[in-house]
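Visitor: I should like to learn how to read individual features in a structural model. May we take them one by one?

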Amino acid sequence: MIWHPFTAQLGGEAPLKISRAEREYVFDVEGRRYVDAIASWWTVIHGHNHPQIVGAINRQLAELDHVIFAGFTHESAELVDRALMHLTGERFTHTFFSDNGSTAVEVMLKLAVQYWHNEGQPARNVFIKFDSAYHGDTVGAMSAGGESVFNRAFEPLLFKTKSFRYPQQDADLTVLDEIETWVRQNRDSAAGIIVEPLIAAAGGMHFQEPQLLTAIDRICKSYDLLLLFDEVFTGLGRTGKMFAYEHAGVTPDLLALAKGLTGGSLPLAVTLVAERVHRSFASADAQKTFYHGHTMSGNPLGCAAAVASLALCNEEKFLPQVRALQQKMLRYWRNLEGLFPERLHSARSLGAVSAANLHTGSAAAGYTFRHGAEMRRQALAEGVILRPLGNVIYVTPPYNISDSALEKTFACIGEIINDYEP
Ligand SMILES: Cc1ncc(COP(=O)(O)O)c(C=O)c1O
């Protein structure tokens, strides 16, 4: 039997069997069509089965399926590296390949720790993090995340971090003074700050102002900390700019990317490394080598898919289409807020991410919010794939979703809210 992710092993419904997909739609084995309003866990940024990505994978498969990535390289990996260096304006110098968002984050954390080790300051291994953060499910990524039902059972395994309140949009930024005070007192142990820039995604689609990133960057520079950005979700156009860091005009030392990298077609992730960090590893000394890798690191098929996906990101219409989507989604949410002021609040939209919160009455609002499963079921019955995060309903569709599919999605959300009783 298959054990599905994030799925209770008793009492749930059988998973829906899907047989094909096209653009913003997936089709079940009965031929029923569903709008993929969450882009299959935020990956399918160009729509499902994009012909350019499918073609690139097929061409690659005809030539080279896989090759060990230590001591060997290949054209597609080199093209991914070049494309990413170009897209990031040459702010980084190196691309480290892995397979998913969690491992891309894990690589950031390990590189940061070994950086301080190589620099002769091994005690600098404590990361500053935020309480709404989610960075993935491996032990390092869980350690860098906020406390939640996801990592509670593993608490004894998690390494030490220093957690601060995540300042949400319009909230006061006094937390920055708290961070600065802590850093001043813990200069010898602080390694860096890890953040999901602009949007704490799985933590509840919390938005923040770019000024927060500017201020965090200032603290890092003043106290010589490394700045780690997890752009697994926000990278590649999601926020209306190619990378979230562009909104604040700051450059991190390390950046994790996954999800949209292959347009959702194959598992591939990267960690981009700035010159400052790489320089510390530029040595023939075995003690300074980064001993990390995965069997499928730099897989040619994933890389070919990424080259095609990144070429689509470079097209002129790519970012304008995301910005137009932001406005369209905001209009829909504002309309729903107007219709259901007692049930819905905090409508927000940035790039291809939009969300609003349900008033929960006396019920707990977290990930285990009791109406979540029922709302997912209701959406499926209406032909839409939604996956609320607790009481937060969000829409993160493929960037090229059609107007008709978007309308269907929000009509479905309207039905759900109409039937919802706090
Ligand atoms: C910001 C962020 N980082 C890391 C991850 C983990 O990525 P993966 O599920 O590919 O391991 C996620 C997944 O949702 C994410 O949103």
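Visitor: Let us begin with polar contacts. Which backbone oxygen lies 3.2 Å from a polar atom of the side chain of Asn118?

Guide: A polar contact is a pair of N or O atoms within 3.5 Å. In this predicted model, the backbone oxygen of Ser280 lies 3.2 Å from a polar atom of the Asn118 side chain. Asn118 itself belongs to helix H4, which covers residues 101-118.

Visitor: Is Asn118 buried or exposed?

Guide: The term buried applies under 20% relative accessible area. Asn118 has a relative accessible area of 10%, and therefore counts as buried.

Visitor: Let us turn to salt bridges. How many salt bridges are counted?

Guide: The criterion is a side-chain nitrogen of Lys or Arg within 4 Å of a carboxyl oxygen of Asp or Glu. By this rule the count comes to 15 salt bridges. One of them joins the side chains of Arg377 and Glu13, at 3.4 Å from N to O. This pair links distant parts of the chain, 364 residues apart. Arg377 is in helix H12 (residues 372-381), while Glu13 is in the segment before strand E1 (18-22).

Visitor: How should the accessibility of these two partners be read?

Guide: Exposed means over 50% relative accessible area, and partly exposed lies between the buried and exposed limits. Glu13, with 56%, is therefore exposed, whereas Arg377, at 35%, counts as partly exposed.

Visitor: Which other side chain meets that of Arg377 in a salt bridge, at 3.1 Å from N to O?

Guide: That partner is Glu374. Glu374 and Arg377 are separated by about one helical turn, because they stand three residues apart in helix H12. Glu374 is partly exposed, its relative accessible area being 41%. Through salt bridges that share partners, Glu13, Glu374 and Arg377 are joined into one network.

Visitor: What does the salt bridge between Asp403 and Lys328 tie together?

Guide: The side chains of Asp403 and Lys328 meet at 2.8 Å, N to O. Asp403 lies in helix H13 and Lys328 in helix H11 (residues 318-339), so the pair ties together parts that are 75 residues apart in sequence. Lys328 is partly exposed, with a relative accessible area of 27%.

Visitor: How far apart in space are Leu406 and Tyr332?

Guide: Separation along the chain and separation in space are to be read side by side. Leu406 and Tyr332 are 74 residues apart in sequence, and their C-alpha atoms are 9.2 Å apart in space. Leu406 is placed in helix H13. With a relative accessible area of 1%, Leu406 is buried.

Visitor: Let us consider surface patches. Which residues form a negative surface patch?

Guide: In a charged patch, like charges are joined within 9 Å. Here Glu382, Glu415, Asp419 and Glu421 form a negative patch on the surface. Among them, Glu421 is found in the segment after helix H13 (403-419). Glu421 counts as exposed because its relative accessibility is 61%.

Visitor: Which residues form a nonpolar patch on the surface?

Guide: For nonpolar side chains the joining distance is within 5 Å. The nonpolar patch consists of Val139, Phe154 and Leu157, with about 260 Å² of accessible area together. Phe154 sits in the loop between helix H5 (139-143) and strand E6 (161-164). At 37% relative accessibility, Phe154 counts as partly exposed.

How values were computed. Residues are numbered from 1 along each chain as its sequence is written. This is a predicted model: local features need pLDDT of at least 70, side-chain atom pairs count only at pLDDT 80 or more; totals for chains, interfaces and linings use all residues. Side-chain values use heavy atoms; hydrogens and water are left out. Patches are made of residues with over 30% relative accessible area and no salt bridge: like charges are joined within 9 Å, nonpolar side chains (Val, Leu, Ile, Met, Phe, Trp, Tyr) within 5 Å. Accessible areas come from the Shrake-Rupley method with a 1.4 Å probe; for residues, only the protein chains shown count as cover. Lys and Arg count as positive and Asp and Glu as negative; His and the chain ends are not counted. The place of a charge is taken as NZ of Lys, CZ of Arg, CG of Asp or CD of Glu. Helices (H or I, at least four residues) and strands (E, at least two) are DSSP runs, numbered from the N terminus. Buried means under 20% relative accessible area, exposed over 50%, partly exposed in between (1.4 Å probe, protein chains only). A polar contact is a pair of N or O atoms within 3.5 Å; within protein, one must be able to donate a hydrogen and the other to accept it, and residues adjacent in sequence count only if both atoms are side-chain atoms.
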